[in-house]
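Hi,

Here is the structure I promised to pass on. Have a look at it first, and then read on for what turned up.

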Amino acid sequence: MQMVTSRKSSAKTTASAIASRLEAAHAHCRARGSRLTTQRKEILELLLLRGGSAKAYDLQDDMRARHGRVAPSTVYRALEFLMAQHLVHRVDALNTFIVCNADHVAHHPLLLVCSNCEAVTELQDDAIYKTVQSTLRHAGASFVESEIEVKGICGKCQPQQREAR
Ligand SMILES: [Zn+2]
Ligand SMILES: [Zn+2]
(Lines give C-alpha, C1' and ligand atoms only; values in the text may rest on other atoms or scores of the structure.)
(Ligands and ions follow the chains in the order given, each with its own letter.)
Protein backbone atom coordinates (compact mmCIF):
# COMPACT_ATOMS: atom_id res chain seq x y z
CA MET A 1 0.00 0.00 0.00
CA GLN A 2 1.31 3.43 -0.92
CA MET A 3 0.66 6.53 1.10
CA VAL A 4 1.13 10.09 -0.07
CA THR A 5 -0.26 13.21 1.52
CA SER A 6 -1.23 16.46 -0.19
CA ARG A 7 -0.99 19.12 2.41
CA LYS A 8 -1.13 22.87 2.00
CA SER A 9 1.22 23.58 4.91
CA SER A 10 4.06 21.49 3.48
CA ALA A 11 3.95 23.34 0.18
CA LYS A 12 7.70 23.52 -0.14
CA THR A 13 7.54 22.43 -3.72
CA THR A 14 10.56 23.82 -5.49
CA ALA A 15 10.51 25.19 -9.01
CA SER A 16 12.68 22.34 -10.26
CA ALA A 17 10.43 19.76 -8.61
CA ILE A 18 7.42 21.35 -10.32
CA ALA A 19 9.24 21.45 -13.65
CA SER A 20 10.05 17.75 -13.45
CA ARG A 21 6.45 16.92 -12.43
CA LEU A 22 5.18 18.86 -15.45
CA GLU A 23 7.65 17.15 -17.74
CA ALA A 24 6.55 13.74 -16.43
CA ALA A 25 2.88 14.71 -16.94
CA HIS A 26 3.68 15.77 -20.47
CA ALA A 27 5.36 12.45 -21.26
CA HIS A 28 2.49 10.58 -19.57
CA CYS A 29 -0.10 12.29 -21.78
CA ARG A 30 1.94 11.75 -24.91
CA ALA A 31 2.26 8.04 -24.12
CA ARG A 32 -1.54 7.88 -23.80
CA GLY A 33 -2.02 9.66 -27.11
CA SER A 34 -3.46 12.78 -25.48
CA ARG A 35 -2.08 16.26 -25.44
CA LEU A 36 -1.12 18.31 -22.42
CA THR A 37 -1.75 21.70 -24.01
CA THR A 38 -0.14 24.86 -22.64
CA GLN A 39 -3.36 25.75 -20.82
CA ARG A 40 -3.86 22.29 -19.28
CA LYS A 41 -0.21 22.25 -18.25
CA GLU A 42 -0.57 25.67 -16.67
CA ILE A 43 -3.54 24.56 -14.55
CA LEU A 44 -1.50 21.59 -13.33
CA GLU A 45 1.40 23.93 -12.61
CA LEU A 46 -0.83 26.29 -10.60
CA LEU A 47 -2.21 23.35 -8.65
CA LEU A 48 1.35 22.23 -7.84
CA LEU A 49 2.27 25.80 -6.86
CA ARG A 50 -0.60 25.71 -4.38
CA GLY A 51 0.95 22.68 -2.72
CA GLY A 52 -1.00 20.12 -4.76
CA SER A 53 -4.47 21.03 -3.51
CA ALA A 54 -6.82 23.87 -4.44
CA LYS A 55 -10.38 24.84 -5.23
CA ALA A 56 -11.27 25.56 -8.84
CA TYR A 57 -11.88 29.22 -8.12
CA ASP A 58 -8.42 29.56 -6.54
CA LEU A 59 -6.96 28.31 -9.79
CA GLN A 60 -9.19 30.70 -11.69
CA ASP A 61 -7.83 33.55 -9.53
CA ASP A 62 -4.26 32.45 -10.27
CA MET A 63 -5.02 32.32 -14.00
CA ARG A 64 -6.63 35.76 -13.82
CA ALA A 65 -3.55 37.15 -12.07
CA ARG A 66 -1.42 35.91 -14.95
CA HIS A 67 -3.67 36.49 -17.94
CA GLY A 68 -6.49 38.83 -17.01
CA ARG A 69 -10.03 37.60 -17.56
CA VAL A 70 -10.40 33.80 -17.53
CA ALA A 71 -13.69 31.93 -17.92
CA PRO A 72 -14.47 29.34 -15.20
CA SER A 73 -15.12 26.80 -17.96
CA THR A 74 -11.48 27.11 -19.04
CA VAL A 75 -10.37 25.96 -15.61
CA TYR A 76 -12.99 23.20 -15.34
CA ARG A 77 -12.26 21.83 -18.79
CA ALA A 78 -8.55 21.65 -18.00
CA LEU A 79 -9.29 19.95 -14.66
CA GLU A 80 -11.58 17.44 -16.35
CA PHE A 81 -8.84 16.59 -18.82
CA LEU A 82 -6.29 16.20 -16.01
CA MET A 83 -8.70 13.94 -14.08
CA ALA A 84 -9.28 11.78 -17.15
CA GLN A 85 -5.50 11.37 -17.43
CA HIS A 86 -5.29 10.33 -13.74
CA LEU A 87 -3.08 13.34 -13.03
CA VAL A 88 -5.59 15.03 -10.73
CA HIS A 89 -8.36 13.82 -8.39
CA ARG A 90 -11.46 15.65 -7.24
CA VAL A 91 -12.05 15.65 -3.48
CA ASP A 92 -15.82 16.01 -3.12
CA ALA A 93 -15.74 16.40 0.69
CA LEU A 94 -13.68 19.57 0.42
CA ASN A 95 -14.66 20.64 -3.08
CA THR A 96 -10.98 20.69 -4.01
CA PHE A 97 -8.72 19.13 -6.58
CA ILE A 98 -5.46 17.36 -5.71
CA VAL A 99 -2.50 16.35 -7.81
CA CYS A 100 -2.27 12.56 -8.02
CA ASN A 101 0.87 11.29 -6.35
CA ALA A 102 0.61 7.69 -7.52
CA ASP A 103 1.84 6.28 -10.81
CA HIS A 104 -0.47 7.84 -13.31
CA VAL A 105 -1.90 4.60 -14.61
CA ALA A 106 -5.58 3.91 -13.99
CA HIS A 107 -5.83 3.27 -10.28
CA HIS A 108 -8.38 3.29 -7.52
CA PRO A 109 -7.48 5.93 -4.99
CA LEU A 110 -8.84 5.83 -1.49
CA LEU A 111 -8.74 9.44 -0.33
CA LEU A 112 -8.42 9.94 3.41
CA VAL A 113 -9.71 13.41 4.26
CA CYS A 114 -8.49 14.51 7.68
CA SER A 115 -11.34 15.96 9.76
CA ASN A 116 -8.81 17.95 11.75
CA CYS A 117 -6.44 19.58 9.24
CA GLU A 118 -8.23 18.79 5.95
CA ALA A 119 -5.09 17.20 4.51
CA VAL A 120 -5.89 14.62 1.87
CA THR A 121 -3.90 11.40 1.89
CA GLU A 122 -4.03 9.29 -1.24
CA LEU A 123 -4.00 5.59 -0.42
CA GLN A 124 -4.09 2.69 -2.84
CA ASP A 125 -6.06 -0.37 -1.82
CA ASP A 126 -7.67 -2.39 -4.58
CA ALA A 127 -9.19 -4.85 -2.08
CA ILE A 128 -11.36 -2.14 -0.51
CA TYR A 129 -12.35 -0.92 -3.92
CA LYS A 130 -13.45 -4.41 -4.98
CA THR A 131 -15.38 -4.88 -1.74
CA VAL A 132 -17.34 -1.66 -2.24
CA GLN A 133 -17.97 -2.60 -5.84
CA SER A 134 -19.39 -6.03 -4.95
CA THR A 135 -21.40 -4.71 -1.98
CA LEU A 136 -23.08 -2.21 -4.27
CA ARG A 137 -23.69 -4.87 -6.90
CA HIS A 138 -25.39 -7.08 -4.30
CA ALA A 139 -27.58 -4.13 -3.35
CA GLY A 140 -28.63 -3.88 -6.98
CA ALA A 141 -26.75 -0.63 -7.33
CA SER A 142 -24.08 0.26 -9.79
CA PHE A 143 -20.64 1.50 -9.03
CA VAL A 144 -19.35 4.68 -10.59
CA GLU A 145 -15.65 4.43 -11.31
CA SER A 146 -14.39 7.03 -8.93
CA GLU A 147 -12.30 7.81 -5.93
CA ILE A 148 -13.52 6.55 -2.59
CA GLU A 149 -13.38 9.20 0.12
CA VAL A 150 -13.04 8.39 3.80
CA LYS A 151 -13.12 10.82 6.71
CA GLY A 152 -10.51 10.26 9.38
CA ILE A 153 -7.66 11.76 11.35
CA CYS A 154 -4.39 11.81 9.45
CA GLY A 155 -1.10 10.49 10.82
CA LYS A 156 0.27 13.96 11.53
CA CYS A 157 -2.77 14.90 13.64
CA GLN A 158 -2.62 11.70 15.72
CA PRO A 159 -0.10 12.81 18.44
CA GLN A 160 -2.00 16.07 18.97
CA GLN A 161 -5.18 14.08 19.42
CA ARG A 162 -3.53 11.98 22.14
CA GLU A 163 -2.09 15.02 23.94
CA ALA A 164 -5.49 16.69 23.97
CA ARG A 165 -7.00 13.87 25.99
ZN1 LIG B 1 -4.01 9.04 -7.78
ZN1 LIG C 1 -4.70 15.95 9.88
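Going from the N terminus, the elements come in the order β-α-α-β-α-α-β-β-β-β-α-β-α. That gives six helices and seven strands. Keep in mind as you read that this is a predicted model. Of the chain's 165 residues, 24% count as buried. If you take the contacts between residues at least 6 apart in sequence, 54% of them join residues at least 24 apart.

Now for the strands. β5 (residues 109–114) takes part in two pairings that I'd look at together. With β6 (residues 120–124), β5 pairs in the antiparallel sense over five bridges, and one of the matches there puts Pro109 opposite Gln124 of β6. The hairpin that β5 and β6 form has five residues between the strands, and Glu118 in that hairpin has a positive phi near 65°. With β7, β5 pairs in the parallel sense, again over five bridges. Here Leu112 has Val150 of β7 as its bridge partner.

The same part of the chain leads to the cysteines. UniProt, in an unreviewed entry, places a "binding site" feature at Cys114, Cys117, Cys154 and Cys157. These four span 44 residues in sequence, but no two of their C-alpha atoms are more than 8.3 Å apart, so they gather at one spot. Where do Cys154 and Cys157 sit? Cys154 is in the loop between β7 (148–152) and α6 (158–164), and Cys157 lies in the loop between β7 and α6 too.

Are these two buried or exposed? Neither quite: Cys154 has 18 other C-beta atoms within 10 Å, so it counts as partly exposed. Cys157 has 15 such atoms within 10 Å and is partly exposed as well. If you leave aside its neighbours within four places in sequence, Cys157 is in contact with Cys114, Asn116 and Cys117.

Last, a pair of helices. α2 (residues 38–49) and α4 (residues 72–84) pack at an angle of about 85°, with their axes 9 Å apart. That makes α2 roughly perpendicular to α4. From α2, the contact uses Gln39, Arg40, Ile43 and Leu44; from α4, it uses Thr74, Val75, Ala78, Leu79, Phe81 and Leu82. Sorted by type, the residues of this contact are seven nonpolar, two polar and one charged.

Cheers

Technical notes. Residues are numbered from 1 along each chain as its sequence is written. Chains are lettered from A and ligands numbered from 1 in the order in which they are written. This is a predicted model: local features need pLDDT of at least 70, side-chain atom pairs count only at pLDDT 80 or more; totals for chains, interfaces and linings use all residues. UniProt positions are given in the numbering used here, feature names are shortened, and annotations may be inferred rather than shown by experiment. Helices (H or I, at least four residues) and strands (E, at least two) are DSSP runs, numbered from the N terminus. A residue is buried if 20 or more other C-beta atoms lie within 10 Å of its own, exposed if 12 or fewer, and partly exposed in between; C-beta atoms are placed from the backbone. Two residues are in contact if their C-beta atoms, placed from the backbone, lie within 7 Å. Axes are lines fitted to C-alpha atoms, for helices over the stretch in contact, and angles run from 0 to 180 degrees between N-to-C directions. Angles under 35 degrees count as roughly parallel, over 145 as roughly antiparallel, 65 to 115 as roughly perpendicular and the rest as oblique. Ala, Val, Leu, Ile, Met, Phe, Trp, Tyr, Cys and Pro count as nonpolar, Asp, Glu, Lys and Arg as charged, and the others, Gly among them, as polar. Two strands pair if DSSP finds at least two bridges between them.
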